[in-house]
Amino acid sequence: MATIKQFEDLEIWQKSREICQIVYNLKKNTNLKNDYKLYSQLNGSSGSIMDNIAEGFERNGNREFIQFLSIAKASCGETRSQIYRAFDRGYLNEDDFEDFKSKVISLSRQINGFIDYLQKSDFKGTKFK
């Protein structure tokens, strides 16, 4: 495994950033731009994934990182629920909906796998050195 020096090195953070970009492009290219409340919620929950991964990493301790990753995973669920609403309101066609939903599910699974890895790791974090 490559050495991770900053949160930007984490694949889960990179993928969460891509999800945020999908949300922004959806707003820019559809009538979601007129559904301010749904866009705000979708933007907030997808941003929460990205931000909680970053904040947890910066805590320098595995227990706190796991807690923040758990919040990020929950935000994946929230984002996925909101994607259904966007689809139901016609802002996404079926192919785009399935692709977007698949990306969020994949990220959620990856976050869960990383949580499992950290729970089994003997390394407790740099603040404990």
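1. In this predicted model, I12 is in contact with I53, L69, L107, Q110, I111 and F114, leaving aside neighbours within four places in sequence. This residue is a useful place to start reading the structure.

2. I12 also belongs to the largest nonpolar core, which has 34 residues. Those that touch the most other members are L10, I12, I53, L69 and I111. At least two residues of this core come from each of α1 (11–29), α2 (36–58), α3 and α4 (94–120). As a general background, nonpolar side chains tend to be buried together in soluble globular proteins.

3. The next residue to look at is T79. It is located in helix α3, which spans residues 62–88. Its relative accessible area is 0%, so T79 counts as buried, the cut-off being under 20%.

4. What does T79 contact, apart from neighbours within four places in sequence? The residues are L42, S45, S46, I49 and V104. Closer along the chain, a polar atom of the T79 side chain lies 2.8 Å from the backbone oxygen of S75.

5. The last point concerns the loop between α2 and α3, where N60 is placed. Phi of N60 is near 65 degrees, a positive value in a residue other than glycine. Most residues other than glycine have a negative phi.

6. Is N60 buried, partly exposed or exposed? Its relative accessibility is 35%, which lies between the 20% and 50% cut-offs, so N60 is partly exposed. T79, by contrast, is buried at 0%.

Note on methods:
Residues numbered from 1 in each chain as written. Predicted model: local features only at pLDDT ≥ 70, side-chain atom pairs only at ≥ 80, totals over all residues. Heavy atoms only, no water. Helix = DSSP H or I, 4+ residues; strand = E, 2+ residues; numbered from the N terminus. Buried < 20%, exposed > 50% of the residue type's maximum accessible area, 1.4 Å probe, protein only. Polar contact = N/O pair within 3.5 Å; in protein donor to acceptor, adjacent residues only side chain to side chain. Contact = heavy atoms within 4.5 Å. Core = buried A, V, L, I, M, F, W, Y, C linked by side-chain atoms within 4.5 Å.
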